[in-house]
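This report looks at charged side-chain pairs and at one packing of helices.

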Amino acid sequence: MTELDVEHLRSWIGTQETLHDQVTRFPIAALAATLDRDDPVPAGGDALPPLWHWLYFLPTARQSALGPDGHPARGGFLPPVPLPRRMWAGGRFTFHQPLRVDDPIVRVSTVQDVTVKHGRNGALCFVLVRHEISGGSGLALVEEHDIVYRDLPQPGEASAAPQPVRTDDVWRREVQPSEALLFRYSALTFNSHRIHYDRRYVTETEGYPGLIVHGPLIATLLIDLLRRNTDRAVATFRFRAVSPLFNIAPFSLHGVADGQRAALWARSAEGHLAMEAEAGF
């Protein structure tokens with residue numbers, strides 16, 4: 001089991017990073033194609049759909065700075081957590097106004113908290129990062145990003161019990177998580193994490209049964225399901241990853257609206273809850 005220096009890791013609390021970018025057009029058209037949408041060609045001033053800000057402020061670590069898992073080596077802005085598995089566990093968003101095509105944009109990121117918990121299968125380290133993103137008209141959205149780090153599975157380690165899935169959906173869509181879909185999303189977000197494209201690594205080193213579908217991709221697909229079924233503006237959004245999805249089987253997206261809120265969830269082929277989300281209008 002990996003030992004963690006909790007006080008050293010917590011010394012990263014308050015660390016800030018400021019990045020500048022521009023809402024360029026090609027990534028928007030490329031993500032629309034990846035999501036199988038028939039959107040018009042992006043034009044200057046068009047509103048960026050919610051969560052599509054993940055196409056910008058991309059990491060540009062040099063090739064020599066990548067770790068064995070394809071991620072940039074630990075340290076720098078994020079604390080150097082020595083646990084090998086790194087996952088996007090969830091997030092919460094408040095949308096004040098849309099980002100717009102061709103606008104210059106700024107993201108100010110702050111490490112808000114670092115906590116360590118010990119479970120039956122070893123240590124878990126949670127890192128909370130707050131992003132404030134502004135466009136040409138000021139603050140556009142605030143994002144709280146949950147990152148979890150954990151050790152590799154131990155021999156005989158028990159899997160978490162599956163969580164029940166709602167059955168009151170009104171909207172439903174099936175997704176085939178092909179290698180091409182995962183490759184396109186990795187390329188668009190400049191994500192070199194090997195769990196999304198290197199089958200031998202993810203099965204033999206990390207012990208998963210197949211390539212892992214990106215958590216942000218699932219969240220984007222859920223809010224895309226909402227966009228396909230209503231044109232109401234989203235004011236808030238939150239999502240929580242419950243269990244991973246793999247590209248060895250299709251999964252399904254589900255949703256239902258009730259007044260000022262919509263519930264959204266992703267279900268595995270086995271009928272297990274993979275991600276739950278809520279949007280506020």
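In this predicted model, a search of the whole structure finds 18 salt bridges, three of which are set out below with the distance between the nitrogen and oxygen atoms.

| Salt bridge | N to O distance |
|---|---|
| Arginine 238 and glutamate 278 | 3.9 Å |
| Glutamate 276 and arginine 240 | 2.7 Å |
| Arginine 261 and glutamate 278 | 3.3 Å |

Arginine 238 belongs to strand β7 (residues 236-241) and glutamate 278 to strand β10 (residues 273-280), so their salt bridge ties together parts that are 40 residues apart in sequence. Glutamate 276 likewise lies in strand β10 and arginine 240 in strand β7, and this pair therefore ties together parts 36 residues apart in sequence. Glutamate 278 also pairs with arginine 261, which lies in strand β9 (residues 261-267), so that strands β9 and β10 are tied together by residues 17 apart in sequence.

Arginine 238 is partly exposed, with a relative accessible area of 36%, and glutamate 278 counts as partly exposed at 25%. The relative accessible area is 27% for the partly exposed glutamate 276 and 34% for arginine 240, also partly exposed, while arginine 261 counts as partly exposed at 42%. Elsewhere, salt bridges that share partners join Arg37, Asp39, Arg173, Asp224 and Arg228 into one network.

Turning to the helices, the axes of α2 (residues 26-34) and α3 (residues 179-188) come within 10 Å and cross at roughly 160°, which makes α2 roughly antiparallel to α3. The crossing is left-handed, and the contact is made by Pro27, Ala30, Leu31, Ala33 and Thr34 of α2 together with Leu181, Arg184, Tyr185 and Leu188 of α3. These contact residues divide into seven nonpolar, one polar and one charged.

Conventions. Residues are numbered from 1 along each chain as its sequence is written. This is a predicted model: local features need pLDDT of at least 70, side-chain atom pairs count only at pLDDT 80 or more; totals for chains, interfaces and linings use all residues. Side-chain values use heavy atoms; hydrogens and water are left out. Axes are lines fitted to C-alpha atoms, for helices over the stretch in contact, and angles run from 0 to 180 degrees between N-to-C directions. Helices (H or I, at least four residues) and strands (E, at least two) are DSSP runs, numbered from the N terminus. Angles under 35 degrees count as roughly parallel, over 145 as roughly antiparallel, 65 to 115 as roughly perpendicular and the rest as oblique. A crossing is left-handed if the near helix is turned anticlockwise from the far one by less than a right angle, and right-handed if clockwise. Contact means heavy atoms within 4.5 Å. Ala, Val, Leu, Ile, Met, Phe, Trp, Tyr, Cys and Pro count as nonpolar, Asp, Glu, Lys and Arg as charged, and the others, Gly among them, as polar. A salt bridge is a side-chain nitrogen of Lys or Arg within 4 Å of a carboxyl oxygen of Asp or Glu. Buried means under 20% relative accessible area, exposed over 50%, partly exposed in between (1.4 Å probe, protein chains only).
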